[in-house]
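Good morning, and thank you for the invitation to speak. I should like to walk you through the structure now coming up on the screen.

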There are 2 protein chains.
Amino acid sequence: MISVGGSVSIGATMDGPQTVKSPSSSVGDYLKAIWELSEEGAASTKDVADRLSISSSSVSNMFVRLREMGLAEYERYRGITLTEAGRLEALRLLRRHRLIETFLLECLGYSWDEVHEEAERLEHSVSDVYTERLAEFLGHPEHDPHGDPIPGKDGTLKPDDSFPLAEATAGQRLRVFRVGPEDAPTLAVLEGSGLLPGKVLTVREVRALDGLVTVEGEDGKTHTLGGPLADTVFVRSASGGG
Amino acid sequence: MISVGGSVSIGATMDGPQTVKSPSSSVGDYLKAIWELSEEGAASTKDVADRLSISSSSVSNMFVRLREMGLAEYERYRGITLTEAGRLEALRLLRRHRLIETFLLECLGYSWDEVHEEAERLEHSVSDVYTERLAEFLGHPEHDPHGDPIPGKDGTLKPDDSFPLAEATAGQRLRVFRVGPEDAPTLAVLEGSGLLPGKVLTVREVRALDGLVTVEGEDGKTHTLGGPLADTVFVRSASGGG
DNA sequence: GTTGAATTTTAGGGATGGCTAAGGGTATAT
DNA sequence: ATATACCCTTAGCCATCCCTAAAATTCAAC
Ligand SMILES: [Mn+2]
Ligand SMILES: [Mn+2]
Ligand SMILES: [Mn+2]
Ligand SMILES: [Mn+2]
């Protein structure tokens, strides 16, 4: 199926025929960052540097190494894109990350904004066996607590048909599907407004002038969000189960 | 309470006043190995090297670094012992390790011999918060699946009053409390003989000549163990709950 | 088309934590 | 007391992955 860059073997010397050494946590986080950024074409050095809070020169260095490992295609000054091998590795990590977040929230009583940081470390330490047994333990969830889809074992990812609340129109009955950023302050505000994934709401007003969105929750309370915040809340028509 | 080597801060430069940077996974594994070996005084370079499958020269190097970090006392050619700070760090890891093993076995359906390897990695990635929430989730267990006591949050460790099956005498009714090694083949044999922690057995014969021990399980089946194996199974009088 | 700002790369350096090879130290048996 | 086997340390090396400072490139505005 893949014929891009050969195998993912990393060690310089010949190791076994099928040995796929799993990348270090650094490499893994780079792959995830590039994957997340590459919806709009190649990812730039600066984008990745900003996202990972690492200097541009370090990123530039790593780009060369990712190319040498067969995980990415990269040309000087031209940005980077993942190979099929790199994409699969990124999705493997994403699957772990989102399953772990689900476990932390549902089983260990983590709060909404604590889960991401812990998952960011654990995703690199758990084995494939652990991941699949955890998935089973959790009942094979399809979305993480933020509403993001959990990639399948084989790297499949459900297409996302949600849209930002900012683009809704008054009168629509919608279900919160996913929230964008995962920083604590944002999550705290959203939680206060009852805008966590799964919640159903009715749009009362979308004011074109300044983008203010007013919604009414199922409890009848109304909340108003500024445009930027309404851009980070993704919704779908309130029909299917969340 | 401690006045041995000062704080555990590791970075060379001044960081916060109370900053206790948690050791890398390498350092942590060294501390655990030294702790486990130091029941008989100072741990030697070779003992640690063998246990961690690392070259002696690397170990020698690390001993110097552990001393500089205030985690151990060490003199050239004289072996190494942990400071109070080092001991607490080792027990902190041991607590994590054993809680994680319990979780893997009880919740994720890991087999007896799979748990150790996974825990050996995860112990370095989980946070204090994770550890304590996991302990709560598991109902604050006091022993891991191998029967080893789980250290308390504060580094307390229950004294171990078990003894090797090899030192039992015929007629005794005993409860398996703990098994020593954690390699897959040994555990497989023990599992086949129904000698996992918690099982109750009656000693039928202990042959002084070659150390052969014959026991009868609660199901009436008898099993015979060679001396070396009987040395690795630790038992207690079968009275209290396991 | 030149220029200037932003981005990217290169050069050089540091911490961690492995390794092998070679040289010292210790202890035991003779 | 000395030989010798084993253990321990030193020296020198490499890989990973981060950094700062300086040089190179790109791109857009003029
Ligand atoms: Mn996350
Ligand atoms: Mn991560
Ligand atoms: Mn274990
Ligand atoms: Mn470990």
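**Symmetry, DNA surface and metal site**

Let me begin with the two protein copies: a turn of 179° and a shift of 0.0 Å along the axis lay chain B on chain A with an RMSD of 0.2 Å, the superposition being by least squares on the C-alpha atoms of residues with pLDDT of at least 70 in both. The two copies are thus related as by a two-fold rotation axis. In chain B, the C-alpha nearest that axis belongs to Ser125(B), at 3.4 Å. Both copies use the same surface, since 100% of the contact residues of chain B recur in chain A; contact here means heavy atoms within 4.5 Å.

A word on conventions. This is a predicted model, in which local features need pLDDT of at least 70 and side-chain atom pairs count only at pLDDT 80 or more, while totals for chains, interfaces and linings use all residues. Residues are numbered from 1 along each chain as its sequence is written, chains are lettered from A and ligands numbered from 1 in the order in which they are written, and side-chain values use heavy atoms, with hydrogens and water left out.

I turn to DNA strand D. Which residues come nearest to it? Of the 21 residues around the strand, they are Ser24(A), Ser57(A), Arg65(A), Ser60(B) and Tyr74(B), where a residue counts as near if one of its heavy atoms lies within 4 Å. By class, this surface has seven nonpolar, 10 polar and four charged residues. Its largest share, four residues, comes from α3(A).

Of the strand's atoms within 4 Å of the protein, 80% belong to sugar or phosphate, and the rest to bases. Phosphate oxygens of DNA strand D lie 2.5 Å from a side-chain N or O atom of Ser60(B), 3.0 Å from a backbone N or O atom of Ser55(A), and 3.0 Å from a polar backbone atom of Tyr77(B).

Finally, the manganese ion (ligand 2). Its protein donors, at 2.0 to 2.3 Å, are Asp29(A) (OD), Glu120(A) (O), Glu120(A) (OE), Glu123(A) (OE) and His124(A) (NE2). Donors are N, O and S atoms within 2.8 Å of the metal (3.2 Å for Na, K and Ca), and sites may look incomplete because water is not among the atoms. The donor residues follow the spacing D-x90-E-x2-E-H.

Are Glu123(A) and His124(A) buried or exposed? Glu123(A) is buried, with a relative accessible area of 0%, whereas His124(A) is partly exposed at 24%. Buried means under 20% relative accessible area, exposed over 50%, and partly exposed in between (1.4 Å probe, protein chains only).

Technical notes:
Polar contact = N/O pair within 3.5 Å; in protein donor to acceptor, adjacent residues only side chain to side chain. Helix = DSSP H or I, 4+ residues; strand = E, 2+ residues; numbered from the N terminus. Nonpolar A, V, L, I, M, F, W, Y, C, P; charged D, E, K, R; others polar.
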